Amino acid sequence: MLSQTLKYAYYPGCVAQGACRELYLSTQALTQALGIELIELKKAACCGSGTFKEDSQLLEDTVNARNIALAEELNLPLLTHCSTCQGVIGHVDERLKGCQTSNPTYVDQVNGLLEKEGCSPYRGSTEVKHLLYALVTDYGLEEITNRVTRKLSNLKCAAFYGCYLLRAQKSMPYDDPFQPEAMENVFRAVGATPIYYRGRTQCCGWPLSSYATTESFKMAGMHIEEAISSGADCIVTPCPLCHLNLDSRQPEVEKVIGKKLGLPVLHLPQLIALALGVSPKELGLERHIVSTKPVLEKLGF
């Protein structure tokens, strides 16, 4: 048993509060089932998903220094369930911590802008951590296994990490950025079988979708086809933007590649919470574009 309750400053991000509301619901259900306390940062701003720096690196750094400072006010790690948010905010945190030594004037500039808006300064006193790594490194796989009430024995899961989670920061202390195992280890912990395929660490195509839609959908289609060919019953992703391209747009992807796919795509907390006995309704599994019924039937629902 854990010696103390884990507590985080929770940064849900934009997509989980809009297009992927089921991710917000399932994260709440999962953390409650595990006894993890989340204090939501309701004053936090959008991280920019990598677009702010196209106009100004200072803009991206200042907006996200403020997000981090909100967690620092609580003396808690900042927790997100979005790979893209992890990549952007984590990279800003890494850069500003480096600048505290190499370029303190720049940090002063960022904090000066925050002060003008009545915001707390960035101190570099906390860390930015994705839910996946909080579960693996802080909570522990053995503890998760001990909580399982519905073993996912018949389910073959293909991880789709998303590129921001693995390679946006210079250092990745929790996993190998090119040959990761954290997701697969979680699958094993809840009794599911991990499926390995080429696309699991590649880009889903979402960043291209606004200006090169056909190419974006071809990328998504290629990954889904590979997962199907490898025997997957579903794809599981820790990134809501990847979920949008792989699930919400799968019917459009099918039209572009001229092939029926129909592969369910689950959010990571949905999969784990199912194994902990949380109902599909509580996890918003009916909200997906590609029906999750094949997954639920395989698990005996």
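How many helices and strands does the protein chain have? The protein chain has 13 helices and eight strands. The model described here is predicted.

## Overall dimensions

The protein chain holds 301 residues, and a compact globule with that number would have a radius of gyration near 19 Å. The value for this chain is 19 Å, so it agrees with the globule figure. Along the principal axes, the C-alpha atoms fill a box of roughly 55 × 50 × 30 Å.

Of the 301 residues, 53% are buried. The surface that the protein chain exposes comes to about 12,800 Å², and 50% of it is supplied by carbon and sulfur atoms. Contacts between residues at least 6 apart in sequence were also sorted by separation: 77% of them join residues at least 24 apart.

## Spans listed in UniProt

An unreviewed UniProt entry lists residues 8–89 and 158–247 under "domain: Cysteine-rich". Residues 8–89 are 51% helix and 13% strand, and the C-alpha atoms at the two ends of this span lie 15 Å apart. For residues 158–247 the figures are 42% helix and 10% strand, with 14 Å between the end C-alpha atoms.

## Strands β1 and β2

Strand β1 covers residues 7–11, and four of its five residues are buried, which leaves the strand mostly covered. β1 runs parallel to strand β2 (residues 37–40), and four bridges join the two. Within this pairing, Ala9 stands opposite Ile39 in β2.

## The four-stranded sheet

What is the order of the strands in the open sheet formed by four strands? The order is β6-β5-β7-β8, and the pairing is parallel. β6 (193–195) and β8 (265–267) are the edge strands, each pairing on one side only. On average, and with direction ignored, neighbouring strands of this sheet are turned by 40 degrees against each other.

Strand β5 spans residues 156–159 and pairs with β6 in the parallel sense over three bridges. Lys156 stands opposite Thr193 in β6, while Cys157 has Pro194 as its bridge partner in that strand. β5 also runs parallel to β7, again with three bridges. On the β7 side, the residue opposite Cys157 is Cys234. Cys157 therefore has a partner in β6, Pro194, and a partner in β7, Cys234, as judged by pairing through DSSP bridges.

Helix α12 (residues 268–275) lies across three strands of the sheet, β5, β7 (234–237) and β8. Against β8, helix α12 runs at about 80 degrees.

## Helix α8 and its surroundings

Is helix α8 (residues 182–189) largely enclosed or largely open? Six of its eight residues are buried, so the helix is largely enclosed by the rest of the structure. The buried residues are Ala182, Met183, Glu184, Val186, Phe187 and Ala189. Their packing partners are helix α6 (131–147), the strands β5, β6 and β7, and helix α12. After α8 comes Gly191, which has a positive phi, near 95 degrees.

Val186 is one of the residues in helix α8. Its relative accessibility is 1%; buried means under 20%, so Val186 counts as buried. With neighbours within four places in sequence left aside, Val186 is in contact with Leu132, Val136, Leu141, Leu268 and Ile272. Val186 and Ile144 are separated by 42 residues in sequence, and their C-alpha atoms are 8.4 Å apart in space.

## Asp93 in helix α4

Asp93 has its place in helix α4, which covers residues 83–102. Is Asp93 buried or exposed? The relative accessible area of Asp93 is 5%, which is under the 20% limit, so this residue is buried. Apart from neighbours within four places in sequence, the contacts of Asp93 are Ile68, Tyr122, Thr126, Glu127 and Val128.

Notes:
Residues numbered from 1 in each chain as written. Predicted model: local features only at pLDDT ≥ 70, side-chain atom pairs only at ≥ 80, totals over all residues. Heavy atoms only, no water. Axes fitted to C-alpha atoms, helices over the stretch in contact; angles between N-to-C directions. Contact = heavy atoms within 4.5 Å. UniProt positions renumbered as here; feature names shortened; annotations may be inferred. Buried < 20%, exposed > 50% of the residue type's maximum accessible area, 1.4 Å probe, protein only. Rg over C-alpha atoms; globule rule 2.2 N^0.38 Å. Areas by Shrake-Rupley, 256 points an atom, 1.4 Å probe, with all protein chains shown as cover.
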